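Here is a short report on one protein chain. Keep the sequence and the 3D view side by side while reading.

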Amino acid sequence: MDKQMSKQTRITTFVREELAKKFAELTRGISVTALLNRALPEELKYLAEVASNSERAEMVWRRRGQGGTRRFNFTLDRDHAERMDQLCREKRVPRDVFIEGYVDFLVNGEDGICEAPLAKISKMLASPRYEYEEKRRNSPIKDEVLHNLEDESITVNPAVSRENPYSFLHLDEKTCEKLERLFSEELKKK
């Protein structure tokens with residue numbers, strides 16, 4: 001089924017208040033629907049690999065309190081929502097618990113394993129050249145060739161230009177003349 005033609009469904013779950021608040025802060029300016037529709041199918045692969053809970057374990061999860069939670073609404077493609085519901089039933093995991101676990105990962109990452117994905121996304125959206133600037137600040141001005149005498153290996157740390165990335169926009173008079181001729185010739189061809 002064509003993704004644009006698929007029907008969508010509204011999902012309402014409850015997640016911890018502080019988690020929902022942090023999620024909202026990190027996703028300001030981001031389409032949560034687009035994010036979750038793109039990312040959740042991959043996450044469902046992990047859920048599919050989990051062993052099913054016992055009836056008792058499922059009941060323990062269902063008894064968790066609703067105190068200190070906030071309604072968490074989003075829209076999913078119907079096929080993703082149905083797959084999620086099916087897996088939650090098979091694994092005997094309440095959907096709210098799964099969604100909260102996933103939101104927790106997005107907001108907090110995995111301790112000692114990876115940085116919070118939404119923090120990275122938020123940082124990149126706020127400053128798309130963040131990584132570029134880090135490389136410019138921390139890379140050598142010219143290529144560095146390092147020789148390891150023990151294993152005779154060679155490592156090259158490439159230089160990263162310190163030049164402004166938009167330097168190409170500044171045109172001197174000679175370049176202006178060349179480009180004017182080139183552009184006028186292109187216009188004549190059309």
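Arg92 is partly exposed, because its relative accessible area is 28%, between the cut-offs of 20% and 50%. The coordinates come from a predicted model. Arg92 forms a salt bridge with Glu55. The closest N and O atoms of Arg92 and Glu55 are 3.9 Å apart. This pair links distant parts of the chain. Arg92 sits in the loop between helix 4 (78–91) and helix 5, while Glu55 belongs to helix 3 (residues 55–63). The two are 37 residues apart. Glu55 counts as exposed, because its relative accessibility is 55%, over the 50% cut-off.

**Overall build**

The protein has 8 helices and 4 strands. Along the sequence their order is β-α-α-α-β-α-α-α-α-β-β-α. How spread out is the protein, set against a compact globule? The radius of gyration is 26 Å, and the globule rule gives 16 Å for 190 residues. The protein is therefore more spread out than a compact globule. Along the principal axes, its C-alpha atoms fill a box of roughly 75 × 60 × 30 Å. Of the 190 residues, 26% count as buried.

**Salt bridges**

The whole structure holds 9 salt bridges. Three of them are listed here, with their closest N to O distances.

| Basic residue | Acidic residue | N to O distance |
|---|---|---|
| Arg16 | Glu100 | 3.0 Å |
| Arg70 | Glu17 | 3.0 Å |
| Arg92 | Glu55 | 3.9 Å |

Take the Arg16 and Glu100 pair, a salt bridge between side chains. Arg16 lies in strand 1 (residues 8–16) and Glu100 in helix 5 (residues 95–108), so the pair ties together parts 84 residues apart in sequence. Arg16 is partly exposed, with a relative accessible area of 30%. Is Glu100 buried or exposed? Glu100 counts as buried, because its relative accessibility is 10%, under the 20% cut-off.

The side chains of Arg70 and Glu17 also meet in a salt bridge. Arg70 is in strand 2 and Glu17 in helix 1, so this pair ties together parts 53 residues apart in sequence. Both partners are partly exposed: Arg70 has a relative accessible area of 30%, and Glu17 has 34%.

Some bridges share partners. Arg16, Glu18, Glu100 and Asp104 are joined in this way into one network.

**A buried acidic residue**

Glu43 is found in helix 2 (residues 32–49). Its relative accessibility is 18%, so Glu43 counts as buried. The cut-off for buried is under 20%. Glu43 and Val15 are 28 residues apart in sequence. In space, their C-alpha atoms are 17 Å apart.

**Aromatic contacts**

The structure holds 2 aromatic pairs. One of them joins Phe23 and Phe72 edge-to-face. Their ring centres are 5.1 Å apart, with 75 degrees between the planes. Phe23 lies in helix 1 (residues 17–26) and Phe72 in strand 2 (residues 69–77), so the pair ties together parts 49 residues apart in sequence. Phe23 and Phe72 are both buried. Together with Phe74, they form one aromatic cluster.

Helix 1 and strand 2 appear in two of these links. One is the Phe23 and Phe72 pair. The other is the Arg70 and Glu17 salt bridge.

**The hairpin and its surface patch**

How do strand 3 (residues 144–148) and strand 4 run? They run antiparallel, joined by 5 bridges. Leu146 has Thr155 in strand 4 as its bridge partner. Strand 3 and strand 4 form a hairpin with 4 residues between them. In the turn, Glu152 has a positive phi of about 60 degrees.

Which residues form the nonpolar patch on the surface? They are Val145, Ile154 and Val156, with about 270 Å² of accessible area together. Val156 is placed in strand 4 (residues 153–157). It counts as partly exposed, because its relative accessibility is 48%, under the 50% that exposed residues exceed. In a regular strand, side chains alternate between the two faces of the sheet.

Terms used
Residues numbered from 1 in each chain as written. Predicted model: local features only at pLDDT ≥ 70, side-chain atom pairs only at ≥ 80, totals over all residues. Heavy atoms only, no water. Patch = residues over 30% accessible without salt bridge, like charges linked within 9 Å, V, L, I, M, F, W, Y side chains within 5 Å. Areas by Shrake-Rupley, 256 points an atom, 1.4 Å probe, with all protein chains shown as cover. Salt bridge = Lys/Arg side-chain N within 4 Å of Asp/Glu carboxyl O. Buried < 20%, exposed > 50% of the residue type's maximum accessible area, 1.4 Å probe, protein only. Phe/Tyr/Trp six-rings, centres within 6.5 Å; stacked < 30°, edge-to-face > 60°. Pairing = 2+ DSSP bridges. Rg over C-alpha atoms; globule rule 2.2 N^0.38 Å.
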